[in-house]
There are 2 protein chains.
Amino acid sequence: MKREAIIQTAAEMADEKGFASISMKELADRLGIKSPSLYKHFSGGLDELNKEIMLYGWRLLDSEITKEVIGKAKDDAVIELCYAYRRFVAEHKGLYEAMQWYNMYLSDEHLQASEGMVDVMFRALSSYGLTEEKKVHTVRMIRAFMQGFCTIECHGGYGNPVSLNETFDFALHTILTGIADMQEGTEK
Amino acid sequence: MKREAIIQTAAEMADEKGFASISMKELADRLGIKSPSLYKHFSGGLDELNKEIMLYGWRLLDSEITKEVIGKAKDDAVIELCYAYRRFVAEHKGLYEAMQWYNMYLSDEHLQASEGMVDVMFRALSSYGLTEEKKVHTVRMIRAFMQGFCTIECHGGYGNPVSLNETFDFALHTILTGIADMQEGTEK
DNA sequence: CAATCAAGCTAATCACATTAGCCTGATTAT
DNA sequence: ATAATCAGGCTAATGTGATTAGCTTGATTG
């Protein structure tokens, strides 16, 4: 049994029953082995497994949004990126929970984990001609918005009947307008 | 021993050692009682306790930001609200984790939990003369950004050396500009 | 004064996580 | 070819924390 396959199974389990429900026992059951055997693959136990799930999730998100952004530029690239992100979260609620779980592990790996995605965002912004610093601000703002929006949406935290799709487009529009304003400032 | 006092102690514990470290045993120890006794206050066990911590957190955040917004309007109100929110999270990392934990409990209480804060945001936006729908979009956008930014910041997820305070101000400025643009559209 | 209730306690049960040590088939080195 | 090694599983055993059951006692209430 390959390590990557185990992680993938765990990720599926998270999506089906929630990240919190992942346990060595459950996972072992689903794999048809006994839980102690899992320690042959993850000597660090549940902690290591969770960390691997998190990293797997970021890799997956990275590849999904990369696909969408290829060949696009400016607003088009940013919008597709954000749509892809949101779609990813909707399809991987449990995995996304795991991905946010990188708080107890404040080390290199966690930063690297989301670095791939940050990189894609940077590239998407490259054609706007912003200063490096403004690009950083913008990427951070987009990340923050995306993470917050998707988390709240997933958790059913937005109670109002007003369309969430419209809110999403509205917010993207606001952000893109903000970027456009900055460009004007730059051109002067 | 009063229920509210227990919840408060648990919240302090969360801030000190992280939400994940809260256990019936730990909490009982800190309170000087045995863990089974806690079930006299929380018949629903750990789940109920966690839920109460979450609700306590939202009440607290609600009251903090309400204080800051009183007597202010427009940009001033929004900015103070957001600063207060960010400050709250910085001072209550563990509690804030608990507050986000309302995913497994998708019921009335959870919506009500954050409703107080949403209400304050609405009031802060009242003087802009936006349509109801745009107000909803705006509140959602601000909530999303705030939640994402504070979570990522708290988890140390922003690796770049660029100042986070500047990013925060930058983002608020972008959002406020967006609101201003909408007003123009309305006045026509 | 008796009944009731709140809030603690101890003992017992359960569900994992994790460790220790054993086994077997496949791979590798001699 | 044969012996040594290793990967990947297994069973048995330990430990911790949640939860339940049932007892006790001081305070409240009828």
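This passage describes the interface of chain A with chain B and the protein surface near DNA strand D in a predicted model.

The two protein chains meet through 41 residues of chain A and 41 residues of chain B. The size of an interface is often given as the accessible area lost when the parts come together. Between chain A and chain B, about 3600 Å² is buried. Carbon and sulfur atoms give 68% of that area. No salt bridges were found across the interface of chain A and chain B. Polar contacts were found there, in 14 residue pairs. On the side of chain A that touches chain B, helix 8 (132-154) and helix 9 (164-187) are the elements that give two or more residues. Helix 8 of chain A gives the largest share, 14 residues. By class, this side of chain A has 18 nonpolar, 17 polar and 6 charged residues.

DNA strand D is surrounded by 15 residues. The closest are A:K34, A:S37, A:K40, A:H41 and B:Y39. Of the strand D atoms within 4 Å of the protein, 56% belong to sugar or phosphate, and the rest to bases. Phosphate oxygens of strand D are approached from both chains. A polar side-chain atom of A:S37 lies 2.6 Å from one such oxygen. For B:K25, a backbone N or O atom lies 3.0 Å from a phosphate oxygen of the strand. For B:L46, a polar backbone atom is 2.9 Å from a phosphate oxygen. The elements that give two or more residues to this surface are helix 3 (35-38) of chain A and, in chain B, helix 2 (24-31), helix 3 (35-38) and helix 4 (45-69). The surface near strand D divides into 7 nonpolar, 5 polar and 3 charged residues.

Definitions and conventions. Residues are numbered from 1 along each chain as its sequence is written. Chains are lettered from A and ligands numbered from 1 in the order in which they are written. This is a predicted model: local features need pLDDT of at least 70, side-chain atom pairs count only at pLDDT 80 or more; totals for chains, interfaces and linings use all residues. Side-chain values use heavy atoms; hydrogens and water are left out. Contact means heavy atoms within 4.5 Å. Buried area is the accessible area (1.4 Å probe) that two parts lose on being put together, summed over both. A salt bridge is a side-chain nitrogen of Lys or Arg within 4 Å of a carboxyl oxygen of Asp or Glu. A polar contact is a pair of N or O atoms within 3.5 Å; within protein, one must be able to donate a hydrogen and the other to accept it, and residues adjacent in sequence count only if both atoms are side-chain atoms. Helices (H or I, at least four residues) and strands (E, at least two) are DSSP runs, numbered from the N terminus. Ala, Val, Leu, Ile, Met, Phe, Trp, Tyr, Cys and Pro count as nonpolar, Asp, Glu, Lys and Arg as charged, and the others, Gly among them, as polar. A residue is near a molecule or strand if one of its heavy atoms lies within 4 Å of it.
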